[in-house]
Every structure is written in C-alpha cells, then in structure tokens.
Amino acid sequence: MASTGKPPLDDSRRGTGSPKIKSRENAKDTLCRNVTIYGRCRYEDKGCAFNHDPQKFNPAYQSDSNNKKRLNVDSPSFTPSLLSSNGSSPTMSSATAKKTATISPKAANAAPFQPRSSNTSTPSGRQETLTPDWSVAEAQEFIPQTFDTSHMASLQGNGNGGVPSSSPFDPFVTAPNPLSAASAVGSVQAGAFSHETAAAAAALGGAAFFTGQSGFQQPVQYHMYAPIGPHSQNTLGYQRNVHDLFLPNDFREELQKKSAAALQTLPNTQLPAQVDYFHSLVPLDLNHQKNAAIFGFPSWVYKAQSSKDGNFYALRRLEGFRLTNEKAIRSVQAWKRVCNGSVVTVHDAFTSRSFQDSSLIFVTDYHPLSKTLAEQHLGAGNRFQGRHNAHIPEQVLWGYMTQIANGLKAIHSNGLAARVIDPSKILLTGRNRLRLNACAILDVVQYDSQRTVADLQRQDLVGFGQLILTLGANSPAVMHNPTKSMEHFTRAYSPQLKNSLFWLLNGHQKDQERTIDMFITGISSQLMSTFDSALHLDDQLTSDLSRELENGRLVRLMTKLNLVNERPEYEHDRQWSENGERYFLKIFRDYVFHQVDAQGDPVVDIGHVLACLNKLDAGSDEKVTLVSRDEQSCFVVSYKELKKALESSFQALLKPARRLH
C-alpha cells in the first residue's frame, strides 16, 4: 500500500497547509501531520506549533550518522495507527495497535496501513507482515537495463535507497513511477533528448521510449493524448493549450450549425403537414419569386424528414406539372445507380397533390447550409447582385473543374447526361466542395424530346465551358458578350486553363470526337493536384477526429463515478456510499476535481483531470495519496485498486436491475 522512500511532494501540488492549532499546550506534544504524510512541514520555520521531531514518537525514524537527508529507503511509511483519532496523544497500547492495523481500508473509517516491506513487531517479539485483503501485487521496482547498480551503494550514503540488481527492468511490462525513477537514477544525461536519439527511437517503434548515452529507457506516458499528424508547427509544451485536445473551434462550430439547420422546424406554416411519407417541411429557397427559366416550371426546394427512416432529405417541387407518360418517371431509376461524390444522390420521384395542385417531387440528399455557385460567387440573392464579386483564384477554379469533370464522368458512364450545368443548380457543400444537383429533372420533364444521349453529353461539355467562363468573368450575363468575357478570362488565368476552356466550348464541332474522358486526360496534372489536396484534407480530418477519441471513454468513466459517489441510499443503507471502497472513491473525486492551491483558491486544471481519469481507466500501478476532507484519514492507493473498486461498486448498482429480469 505505502511507497517506501517516496520523495516529498512538490509544494505547488500540495493544497493542504499546516493543521489548525487547537491548543498551544497540547501542540508541542503532537507530531505534525505534515511530517507524517509528506516527510516534512514547510511551515516548520514559519510558526507551526506542532512537534517536528519524529524520533520522539517512533524510534524507527532514527537514522545513522551517514544519513543526512530527511527521507531515505530506511524511512518508515506513514503509520496512523500510532496516533489517536484527534492526533493529540502519541501513545497507544500494542494490542490496540495490532488490532487497528488489521482493519481493511474498506471499512467506513480511515484505516491505517503498513507497507509490505515493513514488519510490525508483535508483543510476543515475532515479526508479522500486514497485507490488506484488497491490495494487489506489488509493482516491480524500476531498474534500468544497463544502469550500473554498484553505483547505488555510494548513493546510499547520500540518502538514496539502494536498488536490487535482480530482474532487469522491462519498459513494456512495468510503467515506473516518474518520482521513483527520478530518485533512483538521478539526473538524466543531456544526450537522452538529442536529435540522433529521437530518430533512433522513432525507428524502433514510433518513439516508444527515449534512449540516452547511458542506455536509460523511459516508456511513453499512456495517459497522455497521442496527437496524429499533420502537425502545422512545432510547438513546445508551454505553448500548447487545452484546445489542442479537442476539435478546432471553427470546425466544431460549423458542425453544430449544420446540425441546428437539419433540426430546424417552421411552426405556423402554410405548407402541407404531410407530403407522401415526408413531414416537417421547411423551405430552403432564398428567392421567393417564381422562376421557370431552367425547367420550364416554377420550382421550389424544401427540407423534410422521412417517416420511413427518420433521415432528412431535400424535396424539389415542380409546380403545375402533369405527368402524361408513366415511362417518364421511371427514368429516375437509372439515376439511383449514380453514386459519386460530386453528384447529389437522387432517391425517388413521385407526383403529389399535397400542395393543392399537380406537382412533381424529386427526393435527393440534403446537405445543410449548402450554397449555390451563383450565391457564392455571382452575388445571387442580394440587392448588390453583380457588384464587388471577388476574383476566383485559378487553383480554386481548377478544383471546381476537376470535381465537375468527376461528376460528369460518373453520369456519362451510366449512359446519362447531366443536362443542367448552371451556377444556380450546383451546390457548394463545404469549402471548395462541389456537387452537381437537379440532374434528373429534365429527363422526366423533357422525356419526349428526340435528342440522343451522345448529343446531350456533348451539350454537357459546352455547358461545362460556359459555367467556367461565367465564374472566371465574375458575371452571370457573360454569354451576352462572350468576346469581352474571353479577353478578361485570358488576362486573368494561365494559358492551360484558357486552352481547356476553348476545348469545352467547341464541344459541338464535328472535327474530332470530344468526350469527358478525353478532357480528363488533358487536365491530368491538375487532377493530381486536386487529389493531393483531398489527401491533405483527409489527414487533417483524421487528426481532428483523433482529438475526440478519448471523450466517449472519459464520459462513461465520469458517469460511473457520479453514479457511485455520495449516493443518498442504496438497499436501505444510507451510509453505502461512505463505507468501504466507496469511501476512497469519494476522496479520489475530491483529489481530481476539488483541489485547492496554497492560497485556498480552486485549482482548475483540465490537464490534471484528464491525466487522472486516463490513469484510472488504464488501471495504472502508479500510486496516489488521498486525504479525507477532515484530514483524519489518509490512503495510499494505486489507480489499479481504484479501478477495481469502481467496477465492483458499479456492478453492485446493477444487481437489482438483474433481479427484475
């Protein structure tokens, strides 16, 4: 239980001060509790009235002439059995001491403890080793593999404990206590953190340990978050903050806004409550004026929720359409097979009279907070339309072209034609992320047209070129004066982009065969650039996702702790949460969340909280000192014992639920 020769804790981590003085007369005969717990009292020279000489109360504290330090390997562990409950009397009968020392820490009151390596003398003179019934196997002592143990003999005279030379240290079996390692090894040589060492460590398994000139090995800290690349900059420890452990704020805000948009409802609406198997309709159009220029019928877009699967979809309604041929609406079945990242997926199409007229409804995927290219670059939807439009960089325009070409290839490979390549019908669902939309509508509306698929696919190439010219000229009316627009395009962009645009605009010429595959071959260099950008984005999203990896696990752990801690009553026992292993779980909760500094101010350190919870979930062998609120009870337990206590207490809560079944 106790750690022999444990170095004194740093003053900055110890929130408790000197005990309050109840009586000046009795204080001189009372051993200071700070000496008992920490080995020394930092208030000894600042007016602490308690006695600071442990030799007066325990002969085991006597040291030889060569021992100059306060703590060494021969120093005994904290033994509260020598003190009474109020700490005022240093005497106690040996029989009572023996009886008290065998009490399990599972008891309601604080229990004294003895280390395994220490022996307690009984009245009969024999030695008896005390082993609590809830303890685990003692952790192996830290011994570097190539460390010279003969040198430790010289350290004993300086107050450092010796290290047994048997059983070499295995960094993948036992994780040593950093404090114990620091006291046993001393100062680490400067070469342990050199660049050559870091490169060798990375080659041996992803920087699993550091190797110095003396062969010292240090395992990685399992309780720390492991950042996954890419790393935009090399930051030191003090330059990082808590935001590095979670998703970036702007990305989190974007996801939350999209979630809020998907869950948005429109109360007191004039829209129908049910359209086939869809409900909760919300209009998505920013322009409330009817426009029949593209489809030949006024169209409206709504967000709706499906009653079949509960997902959200986008419904495009063509107002006043009457279906004259049943085969026309069956043509949508071919569009269901088009599954491409640059095309909005079409799910269904049907006619409905829910809007008090004959309407044609197309069901597609819903992308929250998406914009059209016209809204993003051409100023559509505002009263300053066509003014102050920002120039689109050439790399962004190449990205648009490669994504549209990817979508057209998927459409043409299925024997179809997009037929609608317009800035108002192409969605921006993310940063420079395009999707072709409303492609299947003209196949239904103009089903009786006599144009061949090959002719329609060549028209897609021409429409593709007109779209790029419109975006490059920053004007929706570019086709009214194509010569002037082309001159502006030539001055603003590279010859390669201009030649690609000419190739698309001449798609109707019969001089040579023009297909989307030929166009993709001509811009292959730009395809690789776009593909590389997509890979970088994938790496960045993976890195951001790794920051949230531990959140669910820590939430479950905190849920278990709060279900057990300070439960008012369980099985008609009001003291259930204050007895046995639940008692030091309560003290552990105070150690994690309720620490205070030397001035009594709350310590709000999320790094401390995350480190403690990760150690608890991992079941580390590292030990921690827990002191009760009244400072009358003290435990030295490992995180493995705490985890075992938490699991058993949580399983006890599940027993009544199991009996019901």
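**Notes on the aromatic pairs and ring contacts**

1. Starting with a charge over a ring: the charged end of Lys560 sits 5.1 Å from the centre of the Phe650 ring, over that ring. Bear in mind that this is a predicted model.

2. Some overall context. I get 21 helices and 15 strands for the protein, and 41% of its 661 residues count as buried. Of the contacts between residues at least 6 apart in sequence, 63% join residues at least 24 apart. The exposed area is about 36,800 Å², with 51% of it coming from carbon and sulfur atoms.

3. On to the rings: there are 14 aromatic pairs. One of them is Tyr302 with Phe355, which is stacked because the centres are 5.5 Å apart and the planes sit at 25°, under the 30 degrees cut-off. Tyr302 belongs to strand β7 and Phe355 to the loop between β9 and β10, so this pair ties together parts 53 residues apart in sequence. Tyr302 is buried at 6% relative accessible area, and Phe355 is buried too, at 13%.

4. Phe355 has another partner to look at: Arg317 lies over the face of its ring, 4.2 Å from the ring centre.

5. Then there's Phe464 with Phe519, an edge-to-face pair with 5.6 Å between centres and 75° between planes. Phe464 is in helix α13 (residues 453-473) and Phe519 in helix α16 (residues 516-522), so the pair links parts 55 residues apart in sequence. Both count as buried: Phe464 has 0% relative accessibility and Phe519 has 3%.

6. Last, a cluster: Tyr277, Phe278, Tyr313 and Phe350 are linked by ring pairs.

Conventions:
Residues are numbered from 1 along each chain as its sequence is written. This is a predicted model: local features need pLDDT of at least 70, side-chain atom pairs count only at pLDDT 80 or more; totals for chains, interfaces and linings use all residues. Side-chain values use heavy atoms; hydrogens and water are left out. Helices (H or I, at least four residues) and strands (E, at least two) are DSSP runs, numbered from the N terminus. Buried means under 20% relative accessible area, exposed over 50%, partly exposed in between (1.4 Å probe, protein chains only). Contact means heavy atoms within 4.5 Å. Accessible areas come from the Shrake-Rupley method with a 1.4 Å probe; for residues, only the protein chains shown count as cover. Rings of Phe, Tyr and Trp (its six-membered ring) pair if their centres lie within 6.5 Å; planes under 30 degrees apart count as stacked, over 60 as edge-to-face and the rest as tilted. A charge sits over a ring if NZ of Lys or CZ of Arg is within 6 Å of the ring centre and within 35 degrees of the ring normal.
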